[in-house]
Amino acid sequence: MSKGTLFDKVWDLHTVSTLPSGQTQLFIGLHLIHEVTSPQAFAMLRDRGLKVLFPERTVATVDHIVPTDNQARPFRDDMAEEMMRAIEENTKANQITFYNIGSGNQGVVHVIAPEQGLTQPGMTIACGDSHTSTHGAFGAIAFGIGTSQVRDVLASQTLALSKLKVRKIEVNGKLSPGVYAKDVILHIIRKLGVTGGVGYAYEYAGSTFEQMSMEERMTVCNMAIEGGARCGYVNPDQVTFDYLKDRDFAPKGVEWDQAVAWWQSIHSDADAEYDDVVVFDAAEISPTVTWGITPGQGIAVTETVPTPDSLSAADREIAAEAYKYMDLQPGTPIQGTPIDVCFIGSCTNGRLSDLREAAQVAKGRQVAAGVKAFVVPGSERVKQEAEAEGLDKIFAAAGFEWREAGCSMCLAMNPDKLQGRQISASSSNRNFKGRQGSASGRTLLMSPAMVAAAAVTGTVTDVRELL
Amino acid sequence: MSQVKSVVGRGIPLMGNDIDTDRIIPARFLRCVTFDGLGAQVFADDRTQLNGQHPFDQPQYQGAEILVVNRNFGCGSSREHAPQAIAKWGIKALVGESFAEIFFGNCVAMGIPCVTANPTDLQQLQDWLAANPQTAIELNLETLQVNFGDANIPVTMGGGARNMFLSGTWDACGQLVAQAEQIRQTASKLPYVAWSRASSV
C-alpha cells in the first residue's frame, strides 16, 4: 500500500468519513459541470428534494455540443438548444457560476478551469467527464464521474469511493526535437496497455515531466484514463506556482505565500512508498501515431503496422478487429497513409502551446489538395491569445479553418463530424470505432505538430522532416 | 433502498474486448436532458453494422437480464448514458473479465452489479448461453457464483461494492447527505476552501 505520496496526503485531508460499506466519503474541492452529464443530475436532485450544498464550489461551462462555426442562438440543432437551456436554467436556479458562450471564459471544461486558476494543487476535483484527469497536472487528485455521482457531489460535495493504488511512472531525460508531451503519453499507453492503469492513480515523475510546461503536463495527465487510470498527477513545483501566480482565482497577497507553503507540503515525500514503479527513458520516445481502434495501438511514425505474431496473445483479437476496421495491412508503414481530415484541438491538445507548435509546421506551407483541416481553440481565451499572436492568420494563410472554442470533432456531438469512411489525423484522445461521428470513420491520434504535418503533406508524415 | 443479493434471469453473451462507451451509446444520442429512450439506442452503430445479427437484436436473447462480456468493458468516456442505455434495454447485472473503473462506479450507483470472472470460465458461460438462451441463470452475490444449468463459476467483486449491494446501500446519496456537519468540518480544515471560492454566493 502506498504511503507518503501526494495521493495519500490529499486523500487523507479530504476524507470525511468511512461509510458502512467500507468506502471512503471524500470531499470534492472543485466540481466542474457541463451540458451533457449534468441535466439528469439536477433532475435527480429535484426528484429527491435536495439542494446544492456548496454552490460556490461548482463551476459550469458548455463545450461538448457547441457548434464551432455558427454559434448564434437558438442553435440549429433543437436538442443541443434544449441542453443549453437546461444548463442555463439549472445554474441560475442553483446560483452556480456559469461561463456561457461569449462570456470570454467559455471553453472546454478542462481548458478553462486551469487557465482561470480554479485548478490548484492539493485539491480533489471531479467532473462528469473522463478527461478530468487533466487537472492532475497541478498536483490535484482529479477524476471523471458519472451522472449519479454528479448528483452526489451537488447534494453533498462528497463522493463514495474506494482508495486507489499508486503507480509511479518515471520518465527521465530530454525529449528529442519533434517529440512532444502527446508522444510521451501515447508511448506510455502503448507500453502499459489500455487496462494497465485500472485500480491505480498514476504519479508522473522524473526529469522529463519536471522540464515540461504546465500545458504539456496537462496533455500527459489528460490521457491517464486512456491507459485505464482514473487519475494521474504531477507533483507541484516552481513551474506550477509560476503558472498559477496572478490567475483569476489564485490566492493573492499573504494567502499566496501560505498557499505555496501548503502546496509544497503535499508533495510526495522523498521516501514515499508506491504500489508499483515503472521507468522509461525519454530518448526511446519517437513521434507516435495510433494505427488501430484503441489508444494503446500506437507505433512510432517510422514503424510499420504490427503483425499479429509480434503481439501478445491477449492483444491479437483486438488487433484483428483493428486491421479490418482501419483497412490497414499488418507490416506496412504507417507513414504515407493518406489523410482526409485534420483536426487540431480538444482538451488534450487545444491550448496555446499546442496551437503554436502546429502553426510552426503550417507556416509558409499549404494544406494538401483534398484535405479538410481545421483548428479549434480550447477556449475563448486561447482563441483570443492565439489571435493576438497572429496564429489564426498563419493557419488561415495555410488553408486551415479557424473556429470557435469547443470539443468539436473529438467526440462529434456537434456539427463537426467525419463522413463515411474518412480517415482523420487528430490531436484528440480517442480513436474508438465511430468516435468522430461516422460509424465507419477512422482516427489516427498524434501530436498537434504531427497533425499539421499530415495536413500539409496529405499523408501521415514524420514531423521531424518539416522542422 | 433495496438489497441486491442475487439476480436471476436469462443471459446474453456479447463477445469482444475493449468495448468502449462510445460504442455502447454513440455520442449523438447524448443530445438529451433525460435518460429516457436510451434503451432503444444501445449499441446503435454496432447493431446497424451487424444487420440483425447483434446479440441485442437476436430473437433468442430478447428479454435477457444478465449481460456476459469480456475484457475492459465500458472503457472510455464517463457517460452514465452507457449503463443507463444497457439498463433501459433490460439488463440488471453484468459478468465480465474486467470493467473500466468509471463504468463500474456508474453501475454501482445505479444498483447494477458488475462481477468479474476468469477468461476460461467466461468462455464456458458464453458458450453455454449461446446453447441455452432461454434458460435462466443466477448471479449470486452472497456465494459469489454464477449458476447455470448444472454448472457454476466463481466470480469476484470489490468488497466495498459488494457490501453496498448486499446491505442495500448502493445508492450512497442519502448516506453522503446525512453527514452535512462532518462535511463542513472537513471543508473548514482545507486551506484552499477559504481562498479559492468560485463565486461569492
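A residue counts as buried when its relative accessible area is under 20%. By that standard, helix 5 of chain A in this predicted model is mostly covered, with 10 of its 10 residues buried. The run comprises Thr147(A), Ser148(A), Gln149(A), Val150(A), Arg151(A), Asp152(A), Val153(A), Leu154(A), Ala155(A) and Ser156(A). Just after helix 5 of chain A comes Gln157(A), whose phi is positive, near 60°.

Helix 5 (147-156) of chain A also takes part in the largest pocket, to whose lining it supplies at least two residues. The space in this pocket amounts to about 750 Å³. Its lining has 38 residues, and those closest to the centre are Gln23(A), Ser162(A), Glu101(B), Phe104(B) and Gly105(B). From chain A, helix 1 (6-14), strand 7 (141-144) and strand 8 (158-161) each give at least two residues as well, as do helix 4 (101-110), strand 4 (114-116) and helix 6 (159-167) of chain B. Helix 4 of chain B is the element that gives the most, with five residues. By class, the lining of the largest pocket holds 21 nonpolar, 12 polar and five charged residues.

The domain layout of chain A helps to place this pocket. Chain A is divided into domain 1 (7-161), domain 2 (165-239 + 262-284) and domain 3 (288-465). Because domain 1 and domain 2 of chain A both give residues to the lining of the largest pocket, the pocket lies between them. Domain 1 and domain 3 of chain A have centres separated by 28 Å, taken over C-alpha atoms. Across that pair, 27 residues of domain 1 are in contact with 21 residues of domain 3.

Enclosed space is found too, in three cavities of 30 Å³ or more. The largest cavity holds about 210 Å³ of space. Around it are 24 lining residues, of which His64(A), Asp129(A), His131(A), Leu411(A) and Arg435(A) are the closest to its centre. Helix 4 (109-115) and helix 12 (346-349) of chain A each supply at least two residues of this lining, which has eight nonpolar, 11 polar and five charged residues. Domain 1 and domain 3 of chain A both contribute to the lining of the largest cavity, so this cavity lies between them.

The second largest cavity has a volume of about 150 Å³. Of its 16 lining residues, Val194(A), Ile225(A), Gly228(A), Cys75(B) and Gly76(B) lie nearest its centre. Its lining divides into eight nonpolar, four polar and four charged residues, and draws at least three residues from each of domain 2 and domain 3 of chain A.

Turning to the nonpolar cores, in soluble globular proteins nonpolar side chains tend to be buried together. The largest nonpolar core here has 200 residues, and the members that touch the most others are Tyr204(A), Phe395(A), Phe400(A), Leu67(B), Phe73(B) and Phe103(B). Helix 16 (residues 448-457) of chain A gives the most to this core, with eight residues. Leaving aside neighbours within four places in sequence, Phe395(A) is in contact with Leu355(A), Ala358(A), Ala359(A), Ala362(A), Val375(A), Phe400(A) and Trp402(A). A second, separate core has 31 residues, among them Ala93(B), Leu125(B), Ile137(B) and Ala172(B).

Note on methods
Residues numbered from 1 in each chain as written. Chains lettered and ligands numbered in written order. Predicted model: local features only at pLDDT ≥ 70, side-chain atom pairs only at ≥ 80, totals over all residues. Heavy atoms only, no water. 1 Å grid on protein atoms, 1.4 Å probe; cavity = no way out; pocket = protein on both sides within 12 Å on 5 of 7 lines; lining within 4 Å. Points joined across faces, edges and corners; volume = space filled by probe spheres on them. Helix = DSSP H or I, 4+ residues; strand = E, 2+ residues; numbered from the N terminus. Nonpolar A, V, L, I, M, F, W, Y, C, P; charged D, E, K, R; others polar. Domains from an automatic or database assignment. Core = buried A, V, L, I, M, F, W, Y, C linked by side-chain atoms within 4.5 Å. Buried < 20%, exposed > 50% of the residue type's maximum accessible area, 1.4 Å probe, protein only. Contact = heavy atoms within 4.5 Å.
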